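Let's take a walk through a protein model together. Keep the picture open while you read, and try to find each spot as it comes up.

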Amino acid sequence: MPRIARFAVLIVGAIGIGAVLWWRLGSHQSPTELLLYGNVDLRQVELPFNGSERIAAVLAQEGDRVKEGQLLARLDTSRLAPQVAKAEADLAAQRQAVDRLYHGNRPEEIAQARANVDAVAADADNARAQWARIRSLSDSSSGRAVSRQDMDSAKTTLDAAEARLAANRKVLALELAGPRKEDIAQGEAQLRADQAQLVLVQQQFKDAELLAPLDAVVRSRIVEPGEMASPQKPAFTLAITDPKWVRVYVAETDLGSVREGMSAAVTVDAFPGRSFPGWVGFISSVAEFTPKSVETTELRSSLVYEVRVFVRDPGGDLRLGMPASVHLPLQQRDAGAPASAGVSGVQHGGA
């Protein structure tokens with residue numbers, strides 16, 4: 001065989017051996033990264049007023065970053081302020097009435113009742129003496145000295161005086177005994193009702209101010225001054241910027257490589273060459289068909305599991321719905337999710 005031919009055979013053999021070694025050592029190596037595709041997601045709050053009244057002022061605009069407790073809008077309180085004043089006056093009056101029941105009757109009232117008894121007793125003694133004289137005169141004259149009409153009049157005067165005396169003695173007894181337990185209980189119940197009414201109108205007055213429930217960004221300003229507010233009509237839509245995550249879907253064949261706490265890197269087309277650090281915070285326990293909005297190379301009909309990769313985005317660069325790529329290095333230890341107020345509650349449930 002010519003030398004050139006032998007040399008060609010050796011070259012071909014070397015290439016074949018190299019190809020086999022590359023196939024065995026290279027193509028069968030485990031991938032070092034799992035690439036997933038999804039969209040940036042976050043929670044939103046539709047914030048209505050808790051009452052129906054005309055809107056007096058709207059103080060926030062779309063895009064404003066608001067802090068928890070910040071005033072966003074205010075209702076007209078011209079109807080609510082008099083209701084609060086009336087409830088306060090009713091409560092003060094009922095509190096005084098209950099105090100009067102506990103303190104009992106004043107000494108002056110008891111003294112007045114005693115004086116009334118003494119006066120009526122004197123009238124009764126006078127009527128009794130008058131009746132005794134007329135009856136004695138009638139008996140001594142066998143009824144000729146006194147007419148029957150005079151005797152009936154004297155007897156009626158005596159009976160009326162004794163009845164008034166008995167009534168005034170009962171009044172004195174009531175003054176000495178003081179209020180009944182039932183009256184005190186009724187007064188206390190009315191006092192509690194007035195207190196509850198005051199709390200209610202004060203809360204209604206407080207609800208006239210619409211406050212931000214947490215740190216967020218105003219996505220939509222739906223109402224304007226002069227409109228009627230309603231609990232069924234949102235005044236603002238707020239976007240909660242922390243936590244922020246990318247919703248991706250993992251095929252069943254790759255699910256064993258993904259676990260909660262894994263570190264991840266998130267990239268978006270809007271910021272080429274830049275990655276956002278994150279971690280796997282939630283893995284769904286229920287399989288579902290791949291949503292049509294997810295750009296994957298697998299078949300649309302394949303079963304996948306939802307995964308949420310939480311992202312650190314202190315600058316607020318990532319927007320709701322923004323397409324994102326998630327890079328999950330497979331050779332890693334659990335990084336562990338950072339201690340964040342908005343993470344723990346999201347990992348085990350979701351919107």
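Before we start, one definition: a residue counts as buried when its relative accessible area is under 20%, as exposed when that area is over 50%, and as partly exposed in between. Also keep in mind that this is a predicted model.

**The big picture**

What does the chain's secondary structure come to? The answer is six helices and 11 strands. Of the 351 residues in the protein chain, 33% are buried. Now look at contacts between residues at least 6 apart in sequence: 78% of them join residues at least 24 apart.

**Aromatic rings**

Next, the rings. A pair of aromatic rings is described by the distance of the centres and the angle of the planes. How many aromatic pairs does the structure hold? There are three. One of them is formed by Phe-271 and Phe-276, an edge-to-face pair with 6.1 Å from centre to centre and 75° between the planes.

Is Phe-271 buried, exposed or partly exposed? Its relative accessible area is 26%, so Phe-271 lands in the partly exposed group, since that group covers what falls between 20% and 50%. Its partner Phe-276 has a relative accessible area of 2%, so Phe-276 is buried.

Then there is the pair of Trp-279 and Phe-310. Their ring centres are 5.9 Å apart and their planes sit at 20°, so this pair is stacked. This pair links distant parts of the chain: Trp-279 belongs to strand β9 (residues 276–289) and Phe-310 to strand β10 (residues 303–311), with their positions 31 residues apart. Both Trp-279 and Phe-310 are buried, and for Phe-310 the relative accessible area is 1%. Add Trp-245 to Trp-279 and Phe-310, and you have one aromatic cluster.

Go back to Phe-271 for a moment, because there is a charged neighbour to spot: Arg-274 lies over the face of the Phe-271 ring, at 5.3 Å from the ring centre.

**Far in sequence, close to each other in space**

Some residues sit many places apart along the chain, yet their C-alpha atoms are only a few Å from each other. Here are four such pairs to look up.

| Residue pair | Apart in sequence | C-alpha to C-alpha |
|---|---|---|
| Ala-229 and Leu-75 | 154 residues | 7.9 Å |
| Phe-310 and Lys-244 | 66 residues | 5.8 Å |
| Gln-94 and Leu-191 | 97 residues | 5.7 Å |
| Asp-207 and Leu-75 | 132 residues | 8.5 Å |

Let's visit some of these. Ala-229 lies in the loop between β6 and β7. Is Ala-229 buried or exposed? At 5% relative accessibility, it counts as buried. Setting aside its neighbours within four places in sequence, Ala-229 is in contact with Phe-49, Gly-51, Ser-52, Glu-53, Ile-55 and Leu-75.

Asp-207 is in a loop too, the one between α5 (181–206) and β5 (209–211). With neighbours within four places in sequence left out, Asp-207 is in contact with Phe-49 and Asn-50.

Gln-94 has its place in helix α2 (residues 80–103). With a relative accessible area of 16%, Gln-94 is buried. Not counting residues up to four places away in sequence, Gln-94 touches Gly-187, Gln-190, Leu-191 and Asp-194.

**A cis peptide bond**

Most residues other than glycine have a negative phi, and most peptide bonds are trans. Which kind is the bond from Asp-242 to Pro-243? That peptide bond is cis, with omega near 10°. You can find Pro-243 in strand β7.

**The largest pocket**

Finally, look for the largest pocket, which has a volume of about 230 Å³. Its lining is made of 13 residues, and those nearest its centre are Val-217, Arg-219, Ala-239, Thr-241 and Arg-319. Which strands should you look at? Both β6 (216–221) and β7 (234–251) supply at least two residues each to the lining of this pocket. By type, the lining residues divide into six nonpolar, three polar and four charged.

Key:
Residues are numbered from 1 along each chain as its sequence is written. This is a predicted model: local features need pLDDT of at least 70, side-chain atom pairs count only at pLDDT 80 or more; totals for chains, interfaces and linings use all residues. Side-chain values use heavy atoms; hydrogens and water are left out. On a 1 Å grid over the protein atoms alone, a cavity is a set of points where a 1.4 Å probe fits but cannot get out, and a pocket is an open set with protein on both sides within 12 Å along at least five of seven lines; lining residues have an atom within 4 Å of a point. Grid points are joined across faces, edges and corners, and a volume is the space filled by probe spheres set on the points. Helices (H or I, at least four residues) and strands (E, at least two) are DSSP runs, numbered from the N terminus. Ala, Val, Leu, Ile, Met, Phe, Trp, Tyr, Cys and Pro count as nonpolar, Asp, Glu, Lys and Arg as charged, and the others, Gly among them, as polar. Rings of Phe, Tyr and Trp (its six-membered ring) pair if their centres lie within 6.5 Å; planes under 30 degrees apart count as stacked, over 60 as edge-to-face and the rest as tilted. Buried means under 20% relative accessible area, exposed over 50%, partly exposed in between (1.4 Å probe, protein chains only). A charge sits over a ring if NZ of Lys or CZ of Arg is within 6 Å of the ring centre and within 35 degrees of the ring normal. Contact means heavy atoms within 4.5 Å.
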